[in-house]
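User: Hey, I've got a protein model open and I'm not sure how to read it. Can you walk me through it?

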Amino acid sequence: VIAVDAELRIVFWNSAAEVLTEKSARRAAGRLLKEVLPIDASVVRRLQETLATGESRSEPEGWIERADQRRVPVSIVTAPLFARDGSVEAAVAVLRDLSRIQQLEAEVRRGETLAAAGRMAVGLAHEVRNPLGAIRGAVQLLARELGAESSLREYTDVLLTEVDRLNRIIEMLLD
């Protein structure tokens, strides 16, 4: 939570804001917001708009810049604070760190991609195994017809070995 007066001077900077921005409340208090945060930061713009219009503002996906210049994704909600005469005398901003949410969303997308790849692999394995089973059966029948003494028997043995090798490859794919 960050609160500013009508001149954008920081009047409140809670401990969560310290963690989020990596800037201490003691150093921020009393300073202009533009001195503490970049002027183009989402929270600065939203607080300016709230002070100017007297209306709440929200930004579902803004950013805040940390001391190390790294931008952190945040959601921002601002609200005006009114004086007794109805004029806007201050504004407050509530920031919510979206880093973990975005990380979890990325993990979900990666999981969905892996699941789709798994479904494709299962379908592919099924489609390849069916003809391989037919080939294996046909080669076994051919070998039986040729007999053990046939000079062509070595070819049927090679075919059976290669069909078995393809089946092992499919098993490794599925694993």
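Analyst: Sure, we'll go from the overall layout to single residues. Keep in mind that this is a predicted model.

User: OK, how many helices and strands does the protein have?

Analyst: There are six helices and five strands. Reading from the N terminus, the order is β-β-α-α-α-α-β-β-β-α-α.

User: And is the whole thing spread out or compact?

Analyst: It's more spread out than a compact globule, because its radius of gyration is 34 Å, well over the 16 Å that the globule rule gives for 175 residues. Along the principal axes, the C-alpha atoms fill a box of roughly 110 × 30 × 20 Å.

User: What share of the residues is buried?

Analyst: Buried residues are 31% of the 175. As for the surface, the protein exposes about 11,200 Å², and carbon and sulfur atoms supply 56% of that.

User: What about charges, how many positive and negative side chains are there?

Analyst: You'll find 24 positive and 27 negative ones, and the centres of the two sets lie 4 Å apart.

User: Switching topic: which residues touch the most other members in the largest nonpolar core?

Analyst: That core has 25 residues, and the ones touching the most other members are V4, W13, L33, L37, V43, L47 and I64. Helix α4, residues 42–53, gives the largest share of the core, with four residues. In general, nonpolar side chains tend to be buried together in soluble globular proteins.

User: Pick V43, then. What is it in contact with?

Analyst: If you skip neighbours within four places in sequence, V43 is in contact with L37, I64, I76, A93 and L95. Two of those names, L37 and I64, are also on the list of core residues that touch the most other members.

User: You mentioned helix α4. Is A52, in that helix, buried or exposed?

Analyst: A52 is exposed, at 68% relative accessibility. Its C-alpha atom is 9.5 Å from that of P80, although the two are 28 residues apart along the chain.

User: Anything odd about the backbone? Which residue has a positive phi although it is not a glycine?

Analyst: L8 is one of them, with a phi of about 65 degrees. Most residues other than glycine have a negative phi, so a positive one is worth a look. L8 lies in the loop between β1 (2–5) and β2 (10–13).

User: And is L8 buried or exposed?

Analyst: Buried, since its relative accessible area is 7% and the cut-off for buried is under 20%. Q69 also has a positive phi, near 70 degrees. Q69 sits in the loop between β3 (57–65) and β4 (71–82), and at 57% relative accessibility Q69 is exposed.

User: What else is in the loop between β3 and β4?

Analyst: R66 is there too. R66 counts as buried, at 12% relative accessibility.

User: Which residues does R66 touch?

Analyst: Not counting residues up to four places away in sequence, R66 touches V19, L20, T21, E22, V72 and D97.

User: Last one: where is L152?

Analyst: L152 is in the loop between α5 (99–146) and α6 (153–174). With a relative accessible area of 43%, L152 is partly exposed. Its C-alpha atom is 17 Å from that of I135, and those two are 17 residues apart along the chain.

Note on methods
Residues are numbered from 1 along each chain as its sequence is written. This is a predicted model: local features need pLDDT of at least 70, side-chain atom pairs count only at pLDDT 80 or more; totals for chains, interfaces and linings use all residues. Side-chain values use heavy atoms; hydrogens and water are left out. Helices (H or I, at least four residues) and strands (E, at least two) are DSSP runs, numbered from the N terminus. The radius of gyration is taken over C-alpha atoms; the globule rule is 2.2 Å times the number of residues to the power 0.38. Buried means under 20% relative accessible area, exposed over 50%, partly exposed in between (1.4 Å probe, protein chains only). Accessible areas come from the Shrake-Rupley method with a 1.4 Å probe; for residues, only the protein chains shown count as cover. Lys and Arg count as positive and Asp and Glu as negative; His and the chain ends are not counted. The place of a charge is taken as NZ of Lys, CZ of Arg, CG of Asp or CD of Glu. A nonpolar core is a set of buried Ala, Val, Leu, Ile, Met, Phe, Trp, Tyr and Cys residues joined through side-chain atoms within 4.5 Å. Contact means heavy atoms within 4.5 Å.
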